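Grab a coffee and open the viewer. Here are some exercises to work through with the structure in front of you, each with its solution spelled out.

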Amino acid sequence: MPSARDVLTPDALAMLQTVVSAGSFAGAARAMDMVPSALSYRVRQIEDALDVLLFDRSARQARLTEAGAELLREAPRLLSDLDAVANRVKRVATGWEPLFTIAIDSVIARDPMLDLVGAFYALEPPTRLKLRDETLLGTIEALARGEADLAVGSVLDASSLGFTAPGIRTRPLGELRFVYAVAPHHPLARLPQPLSDATLRSHRAVAAADSSRAGPTMNVNLIGGQDVLTVPTMQAKLAAQLHGLGSGFLPEPLARPYIEAGHLVELQTERALPVGQMHLAWRVRTAARPGRALEWWLAQFEHEGTRRALLEQHRGR
């Protein structure tokens, strides 16, 4: 016996729609230039495969049962989905990637990134986008392990970290300065400055966890022996420090609006303020030109204004 997949074809759905619009099997048969018995047989095949009755045959008119009405309600969507898939396949054949995944370090400003996503969608590409939140080495790990096509953030050399990553290319995105900040009610805010490492060690730090899952991980700007509250992202680190749960370095553009509003206090430390080198990284395909989605995204990062926005234009600025 044919299965539901065998009988629910575009032609079969169009046939059922014709029966409904004609109001009878006989009228539909005439419209489709078929003999009524052949049409009835095809409808019965669909009903047998689905194990339901689609039409109430007790009246002269072809009236849909509840099951039949539900199938016909879904028919336009199913047919539209098939058309959309066909169009997508045709456009992918022109060089667009079916799926393009971007791993984004949590220090990167999200609003400018989402503006780029909107500009990408304005092209009406067939490519589906997937954005991944990562932190520190997790960003490059996602690319090195084939889980992302583009990495944006504190990307380091993959081979030196033990990742097998042939064909990865990098490009500088810019420098990101950090400041040491605490909530106004934090004990460190009342101490003389600059703060020594010994002073910082006696107070809890907040750290954004490295999202690397299988490779090495990084701890940045922590002091040995210091109590640490570990959170998943830089945005969560900011929130924890705003609540007075700990202290630590924050990206200056992310912290500045809160410092100016009095929700954070910038402190001076004896240790030098860190400066992060941000990069882009992507994989070069062997003996093939880059996909059109990758080409488009790399072209956006050629603009200095875009690079600066990704490092500086956090919400609230």
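**Exercise 1. Find which residues have the most contacts inside the largest nonpolar core, and which element supplies the largest share of it.**

Keep in mind that this is a predicted model.
- Step 1: The largest nonpolar core holds 44 residues, and F100, I108, L150, V152, L173, W297 and F301 have the most contacts inside it.
- Step 2: Strand 6 (residues 168–182) gives the largest share of this core, with 7 residues.
- Step 3: Don't stop there, as a second, separate core has 19 residues, including A28, L39, A62 and A75.
- Step 4: Now zoom in on F301. Leaving out residues up to four places away in sequence, F301 touches L116, L150, V152, R171, L173, L280, T306, R307 and L310.

**Exercise 2. Work out which way the residues of strand 5 point, and which strands pair with it.**

- Step 1: Start with the general pattern: side chains in a regular strand alternate between the two faces of the sheet.
- Step 2: Now check strand 5 (residues 150–153). L150 and V152 point one way, A151 and G153 point the other way, and all are buried.
- Step 3: Look for the parallel neighbour. Strand 3 (residues 99–105) runs parallel to strand 5, and 3 bridges join them. Here I104 stands opposite V152.
- Step 4: Then take the antiparallel neighbour. Strand 11 (residues 275–283) is joined to strand 5 by 4 bridges, and A281 in strand 11 is the bridge partner of A151.

**Exercise 3. Describe helix 4: what does it reach from its first C-alpha to its last, which of its residues are buried, and what do they pack against?**

- Step 1: Helix 4 (residues 36–50) has 15 residues and reaches 21 Å from its first C-alpha to its last, close to the 21 Å expected at 1.5 Å a residue.
- Step 2: Its buried residues are L39, V43, I46, E47 and A49. One of them, L39, also turned up in the second core.
- Step 3: The buried residues of helix 4 pack against helix 1 (4–7), helix 2 (10–22), helix 3 (25–31) and strand 1 (55–56).

**Exercise 4. Place R42 and R73: is each one buried, partly exposed or exposed?**

- Step 1: R42 sits in helix 4. Its relative accessibility is 30%, so R42 counts as partly exposed.
- Step 2: Not counting residues up to four places away in sequence, R42 touches D11, A12, M15 and M34. Along the chain R42 and L16 are 26 residues apart, and their C-alpha atoms are separated by 9.7 Å.
- Step 3: R73 lies in helix 5 (residues 66–92). The cut-off for exposed is over 50%, and R73 counts as exposed because its relative accessibility is 56%.
- Step 4: The side chains of R73 and E70 are joined by a polar contact of 2.8 Å. R73 is also 10.0 Å from Q17, C-alpha to C-alpha, with their positions 56 residues apart in sequence.

**Exercise 5. Go through the backbone oddities: what is unusual at D33, D51 and the bond between Q193 and P194?**

- Step 1: Recall what to expect: most residues other than glycine have a negative phi, and most peptide bonds are trans.
- Step 2: D33 isn't a glycine, yet its phi is positive, about 55°. D33 is in the loop between helix 3 and helix 4, and it counts as exposed because its relative accessible area is 73%.
- Step 3: D51 comes just after helix 4 and takes a positive phi of about 60°. D51 is in the loop between helix 4 and strand 1, and at 68% relative accessibility it counts as exposed.
- Step 4: Q193 and P194 are joined by a cis peptide bond, with omega about 5°. P194 is in the loop between strand 6 and helix 8 (197–201).

**Exercise 6. Step back to the whole chain: how many helices and strands are there, and what percentage of residues count as buried?**

- Step 1: There are 12 helices and 11 strands in the chain.
- Step 2: Out of 317 residues, 42% count as buried.
- Step 3: Take the contacts with a separation of 6 or more: 72% of them are between residues 24 or more positions apart.
- Step 4: For the surface, the chain exposes about 16600 Å², with carbon and sulfur atoms supplying 52% of it.

Methods. Residues are numbered from 1 along each chain as its sequence is written. This is a predicted model: local features need pLDDT of at least 70, side-chain atom pairs count only at pLDDT 80 or more; totals for chains, interfaces and linings use all residues. Side-chain values use heavy atoms; hydrogens and water are left out. A nonpolar core is a set of buried Ala, Val, Leu, Ile, Met, Phe, Trp, Tyr and Cys residues joined through side-chain atoms within 4.5 Å. Buried means under 20% relative accessible area, exposed over 50%, partly exposed in between (1.4 Å probe, protein chains only). Helices (H or I, at least four residues) and strands (E, at least two) are DSSP runs, numbered from the N terminus. Contact means heavy atoms within 4.5 Å. A polar contact is a pair of N or O atoms within 3.5 Å; within protein, one must be able to donate a hydrogen and the other to accept it, and residues adjacent in sequence count only if both atoms are side-chain atoms. Two strands pair if DSSP finds at least two bridges between them. The expected span of a helix is 1.5 Å times one less than its number of residues. Accessible areas come from the Shrake-Rupley method with a 1.4 Å probe; for residues, only the protein chains shown count as cover.
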